[in-house]
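Trainee: Could you take me through one helix of this model up close, and then show me how its surroundings fit into the rest of the chain?

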Amino acid sequence: MNDLELEKTAVKIRKGIVTAVHAAKSGHPGGSLSAADIFTYLYFEEMNINPQNPKMENRDRFVLSKGHVAPGLYSALAHRGFFPVEDLKTLRHTGSYLQGHPDMKHIPGVDMSSGSLGQGLSAAVGMALAGKMKKDSYRVYALLGDGEIEEGQIWEAAMFAGHRKLDNLAVVVDNNNLQIDGAIAEVCSPYPIDKKFEAFGFNVISVNGHDFSELRRAFAEAKDTRGMPTAIIADTTKGKGVSFMENNVSWHGKAPNDEEYETAMEELRKAGEALCQK
Amino acid sequence: MSEIKKVATRDSYGNALVSLGKEHDNLVVLDADLAAATKTGVFKKEFPDRHIDCGIAEANMMGIAAGMSTCGYVPFVSTFAMFAAGRAYEQVRNSIAYPHLNVKIGATHAGISVGEDGASHQCNEDLALMRSIPGMTVFNPSDDIEAKAAVKAAYELNGPVYLRFGRLAVPVINDTPDYKFVPGKGVVLREGKDITIFATGLCVHSALEAAEKLAADGINAKVVNIHTIKPLDRELVVQSAKETGKVVTVEEHSIIGGLGSAVAEALAEEAPTPLFRIGVLDTFGESGPAAELLEKYGLDGAGVYKQIMEFVK
């Protein structure tokens with residue numbers, strides 16, 4: 001896909017997020033929307049995956065370490081054909097396979113269950129190590145929250161990945177600057193994020209997480225990097241794409257009401273239309 | 001009297017891994033800087049490429065094992081019970097058990113028989129923690145032969161398994177020609193009509209010793225080895241309780257949440273029976289030679305005998 005097609009796809013992903021969270025009457029729209037372009041790039045351009053065969057042996061793996069932004073992952077998976085887009089409306093409903101946080105046992109395309117912050121990166125590192133041991137060519141991607149990296153286990157995993165020179169691993173930090181209690185810089189600052197990953201033996205690339213040409217360059221560089229894992233620090237806006245949610249921490253874990261839902265969907269419809277004029 | 005052969009089940013663990021490793025290329029062993037103590041060093045020597053030292057980072061080790069298992073490996077994660085079940089409880093629960101991944105947790109240095117290291121390293125709560133996790137199988141073998149069999153059975157089961165091993169060398173009691181380890185099935189080691197002693201781990205030997213002493217007093221105790229804490233052999237527990245009318249449980253674990261609780265739960269629901277739980281009371285351990293601690297905490301043969309006598313009189 002070219003950048004314009006990716007942008008159009010990202011609008012669909014965002015509509016899916018807003019729709020799912022609205023239908024669930026709970027969930028995490030802010031971080032889902034900040035990561036929507038990253039999900040789009042990974043699932044529609046970067047990863048070697050097959051919706052008809054979600055468990056394909058040599059597929060690339062993805063671990064959503066910041067599991068609470070499941071609506072973003074589910075929307076990407078649904079639009080990529082892993083399951084019906086219509087099912088997004090069952091998110092968090094009793095009996096639905098679309099659990100509040102990723103559940104690999106029941107959701108096609110989910111490579112690892114996650115949700116308890118700090119744990120996903122370790123699993124991704126295990127997958128990357130397995131790939132190296134088996135001399136498989138698949139790559140492993142993990143998406144982390146910038147608040148999530150306050151968890152100590154992230155740095156245990158980073159130390160191991162750097163030590164083992166896992167160059168088949170690319171970690172993306174969704175750096176939207178906000179966590180539940182406020183700005184990450186004020187709550188318990190993880191900055192400087194880039195210097196920390198460098199110190200743990202990572203190749204670090206800083207990008208605008210909403211710019212597909214920058215994401216394209218970063219993931220290409222990650223693939224070409226030998227002898228060390230890559231950390232892509234993606235500068236993003238929480239709630240991106242829905243004006244009243246942008247940079248507003250109250251939308252971290254809250255669903256839009258009917259009126260807010262209509263407004264959000266109208267904004268996204270217009271954004272999609274504008275892209276069609278390009 | 002001939003010398004009784006004694007082996008620490010942590011040694012059995014290491015040796016069993018080497019045997020299994022020869023048969024199965026997908027078996028990998030993870031350690032957190034304790035390979036010398038968990039006795040997986042022998043595996044590391046034999047299969048250096050399949051031994052992964054994660055450094056002193058147990059939480060990460062559990063996650064790495066989870067990730068590797070999704071790619072076809074069968075990881076045996078090795079560390080002390082305190083760190084496996086205690087420190088990394090939530091990683092075991094959420095990264096391994098919730099997705100029902102095929103990871104085996106080899107927890108050594110369980111219970112007070114850790115000895116001199118003291119209470120910080122004496123995990124008396126692991127069975128309670130692991131037993132409460134959905135889908136987790138929990139093995140607590142009693143000797144070398146059973147420990148090796150349990151490791152093999154754990155490999156053959158699909159799903160998470162917690163294996164409890166000890167630091168202390170313990171008598172070999174299962175060296176009989178017809179010994180067979182069947183997950184979830186208790187083993188009747190001695191028949192008796194007056195009382196049933198359900199024991200697990202190194203306390204199976206203590207129970208057998210106690211039964212000998214009881215017999216001298218005219219009390220015939222049935223001794224059942226419960227090597228699988230979960231799933232519990234409810235059928236045998238209930239049947240034995242009905243037969244003997246009195247029940248004692250013996251474990252090197254807190255009386256809260258382990259074998260005693262599991263048996264109490266089963267009997268309260270299916271066959272209410274007078275029951276006494278022998279184990280570590282609601283307290284932390286302490287430093288000292290393992291044998292002295294087992295004596296002090298009433299978990300050796302003499303201590304178990306004494307407590308049972310008080311219960312039955």
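**Helix H9 of chain B and its surroundings**

Mentor: Start with what packs over H9(B): the cover on its buried residues includes strands S8 (169–171), S9 (187–190), S10 (195–199), S11 (221–225) and S13 (247–254), along with helix H13 (301–312), of chain B. Keep in mind that this is a predicted model, where local features need pLDDT of at least 70 and side-chain atom pairs count only at pLDDT 80 or more, while totals for chains, interfaces and linings use all residues. Residues are numbered from 1 along each chain as its sequence is written, and chains are lettered from A and ligands numbered from 1 in the order in which they are written.

A few terms, quickly. Helices (H or I, at least four residues) and strands (E, at least two) are DSSP runs numbered from the N terminus. Buried stands for 20 or more other C-beta atoms within 10 Å of a residue's own, exposed for 12 or fewer, and partly exposed for anything in between, with C-beta atoms placed from the backbone. A contact, or touch, is a pair of residues whose C-beta atoms, placed from the backbone, lie within 7 Å.

Now the helix itself. H9(B) runs over residues 203–216, and its 14 residues should span 20 Å at 1.5 Å a residue (the rule multiplies by one less than the residue count); the end C-alpha atoms are 20 Å apart, so that agrees. The buried positions are Cys203(B), Val204(B), His205(B), Ser206(B), Ala207(B), Leu208(B), Ala210(B), Ala211(B) and Leu214(B). After the helix comes Gly218(B), with a positive phi near 85°.

Two of those helix residues, Val204(B) and His205(B), are touched by Ser142(B), which also contacts Ile173(B), Asn174(B), Gly201(B), Leu202(B), Asn225(B) and His227(B), leaving aside residues up to four places away in sequence. Ser142(B) sits in the loop between strand S6 (137–139) and helix H8 (144–156) of chain B. It counts as buried because it has 29 C-beta neighbours inside 10 Å. Ser12(B) is 130 residues from Ser142(B) along the chain, yet their C-alpha atoms are 11 Å apart.

Ala207(B) from the helix leads us to the nonpolar core (buried Ala, Val, Leu, Ile, Met, Phe, Trp, Tyr and Cys residues joined through C-beta atoms within 7 Å). The largest such core has 186 residues, and Val125(A), Ile197(B) and Ala207(B) have the most contacts inside it. Domains 1 (6–171) and 2 (187–312) of chain B both give residues to this core, so it lies between them.

Those domain bounds come from an automatic or database domain assignment. The C-alpha centres of domain 1 and domain 2 of chain B are 25 Å apart. Their contact takes 27 residues from domain 1 of chain B and 29 from domain 2 of chain B. On the domain 1 side, the elements giving two or more residues are helix H7 (126–131), S6, H8 and S8 of chain B. That side divides into twelve nonpolar, ten polar and five charged residues. Here Ala, Val, Leu, Ile, Met, Phe, Trp, Tyr, Cys and Pro are nonpolar, Asp, Glu, Lys and Arg charged, and the others, Gly among them, polar.

Back to Val125(A), the chain A residue in that core list. Val125(A) touches Ala157(A), Phe160(A), Ala161(A), Leu166(A) and Leu169(A), plus Ile64(B) and Gly67(B), again not counting residues up to four places away in sequence. The contact between the chains takes 20 residues from chain A and 20 from chain B. Helices H5 (120–134) and H6 (152–163) of chain A are the elements that give two or more residues to the chain A side. H5(A) gives the most, with nine residues, and the chain A side divides into ten nonpolar, seven polar and three charged residues.

Zooming out, chain B has 13 helices and 14 strands, and its C-alpha atoms fill a box of roughly 55 × 40 × 40 Å along the principal axes. Of its 313 residues, 59% count as buried. Among contacts in chain B between residues at least 6 apart in sequence, 79% join residues at least 24 apart.

Finally, two backbone spots in chain B. Lys230(B) and Pro231(B) are joined by a cis peptide bond, omega about 0°, and Pro231(B) lies in the loop between strand S12 (228–230) and helix H10 (234–244). His100(B) has a positive phi of about 50° although it is not a glycine; it is in the loop between helix H6 (89–97) and strand S5 (104–108) of chain B. With 16 other C-beta atoms within 10 Å, His100(B) is partly exposed.

Key. Contact = placed C-beta atoms within 7 Å.
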